[in-house]
Amino acid sequence: FGRVICDLLEIEYPIIQGGMAWIADCDLASSVSNAGGLGVIAAGNAPKEWVVDQIRKTKSLTDKPFAVNIMLLSPFVEDVVDAVIEEGVKIVITGAGNPGKYFKKLNENGVKIIPVVPSVSQAIRMVRNDGVIALVAEGAEAGGHIGVTNTMSLIPQIVDAVDIPVIAAGGIADGRGAAAAFCLGASGIQLGTRFLVADECNVSEGYKKKVLDAKDTSTTVTGATTGHPVRVIKNKFAKKFKSLEDNNASVEELEKFGAGSLRLAVVDGDVDNGSVMAGQIAGLVKKRETCKDIIQDLVEHYRAVVESL
Ligand SMILES: O=C(O)COc1ccc(-c2c[nH]c(CNC(=O)Nc3ncc(Sc4ccccn4)s3)n2)cc1
């Protein structure tokens with residue numbers, strides 16, 4: 001399934017791994033690519049040296065295609081674009097902003113661009129640019145920085161609005177979500193939350209436990225008042241952040257409180273005072289397994305669901 005995306009990206013299954021800041025590194029990306037999906041290194045807010053190092057390590061761990069996810073709010077975004085070009089990375093996924101400034105440079109160097117978009121208006125703005133070969137349409141069920149429209153509503157509207165392939169993200173973790181996404185017109189899927197508990201994912205043990213113990217109602221959205229809504233698993237940090245928002249804290253105060261919170265959870269494993277970003281589908285994610293098993297399970301489940309329709 002997903003022939004169009006598989007041919008476009010030269011991968012075996014139309015399954016893209018989410019570019020989770022501070023989490024998606026060479027180990028996760030190479031494991032997903034070796035299992036037939038598209039592995040993704042997340043540049044997040046990391047400096048150029050870290051991204052170059054991860055790209056080189058990924059090349060030593062897989063011969064298959066992989067991508068770099070560029071988070072456009074990063075202070076190092078210019079350097080990361082240079083790193084991608086200098087290291088000959090062929091696929092870039094962009095998030096959290098408008099990559100408009102970098103299309104020309106990336107396109108001139110033959111880099112395929114796949115912007116993540118949260119809305120139809122963003123989708124239409126993106127497809128006007130050369131080099132954009134597909135879109136990731138991300139519903140508000142997703143973890144991390146989100147838009148306001150849910151996947152079930154967003155996908156068909158974006159599919160109708162553009163004439164390039166659309167990859168669905170947000171709330172997808174098994175064959176049922178994959179089949180639903182394809183029924184809505186998607187040509188591929190992107191998974192973040194389910195890969196958080198992969199054996200090859202280097203996120204802290206406490207973080208994985210939060211995801212494995214989550215229920216359907218375990219997430220909440222912080223930062224809606226700052227213009228950067230972020231879906232996280234409810235914990236002390238989220239409670240404190242939202243109470244600050246309810247008491248009309250300034251954007252500066254909120255951003256100061258939020259800064260470094262993702263790293264606190266991911267790297268230091270402080271999942272009470274850190275920001276544990278995860279999607280609403282965390283309640284479905286119950287099993288630790290390898291990237292290969294995750295992908296195989298999803299593909300087999302997809303086939304069974306489609307046959308049962
Ligand atoms: O045109 C504009 O400037 C606004 O356009 C956009 C607005 C939002 C988006 C968007 C929403 N979701 C995504 C892709 N997903 C993500 O980017 N998810 C993320 N998770 C954690 C992140 S780290 C972070 C987050 C917020 C503030 C600071 N740092 S980024 N892109 C894309 C374009």
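Here is a walk through the ligand site and three helix pairs of this structure, which is a predicted model.

Let's start at the ligand. Its shell holds 14 residues, and the ones that come nearest are Ala-96, Val-116, Gln-122, Glu-138 and His-145. If you sort the shell by residue type, you get six nonpolar, six polar and two charged residues. Where in the fold do these residues sit? Helix H6, spanning 120-127, and strand E7, spanning 144-145, each supply at least two of them.

Now zoom in on the polar contacts. Gln-122, one of the residues that come nearest to the ligand, places a polar side-chain atom 2.7 Å from a ligand oxygen. Arg-125 also points a polar side-chain atom at an oxygen atom of the ligand, here at 3.4 Å. With His-145 it's the backbone that takes part: a polar backbone atom of His-145 lies 2.9 Å from a nitrogen atom of the ligand. How much of the ligand's surface does the protein bury? On its own the ligand would expose 720 Å², and the protein buries 76% of that.

From the ligand shell, follow H6 outwards to its helix partner. A quick reminder before the numbers: two packed helices are described by the angle between their axes and by the distance between those axes. H6 packs against helix H7, residues 151-161, with the axes 9 Å apart and an angle of about 30 degrees. Angles under 35 degrees count as roughly parallel, so H6 and H7 are roughly parallel to each other. As for handedness, H6 and H7 make a right-handed crossing.

Next, look at helix H3, residues 48-61, and helix H4, residues 77-86. Their axes are 9 Å apart, and the packing angle is about 25 degrees. This pair therefore also ends up roughly parallel, H3 to H4. The crossing of H3 and H4 is right-handed.

The last stop is helix H8, residues 175-183, together with helix H14, residues 291-308. How do their axes meet? They come within 7 Å and cross at roughly 60 degrees. That angle makes H8 oblique to H14. The H8 and H14 crossing is right-handed.

To pull the ligand side together: H6 supplies at least two residues of the ligand shell and packs against H7 at about 30 degrees. Strand E7 likewise supplies at least two shell residues, and the polar contacts to the ligand include those of Gln-122, Arg-125 and His-145.

How values were computed. Residues numbered from 1 in each chain as written. Predicted model: local features only at pLDDT ≥ 70, side-chain atom pairs only at ≥ 80, totals over all residues. Heavy atoms only, no water. Near = heavy atom within 4 Å. Polar contact = N/O pair within 3.5 Å; in protein donor to acceptor, adjacent residues only side chain to side chain. Areas by Shrake-Rupley, 256 points an atom, 1.4 Å probe, with all protein chains shown as cover. Helix = DSSP H or I, 4+ residues; strand = E, 2+ residues; numbered from the N terminus. Nonpolar A, V, L, I, M, F, W, Y, C, P; charged D, E, K, R; others polar. Axes fitted to C-alpha atoms, helices over the stretch in contact; angles between N-to-C directions. Parallel < 35°, antiparallel > 145°, perpendicular 65-115°, else oblique. Left-handed = near helix turned anticlockwise from the far one by under 90°.
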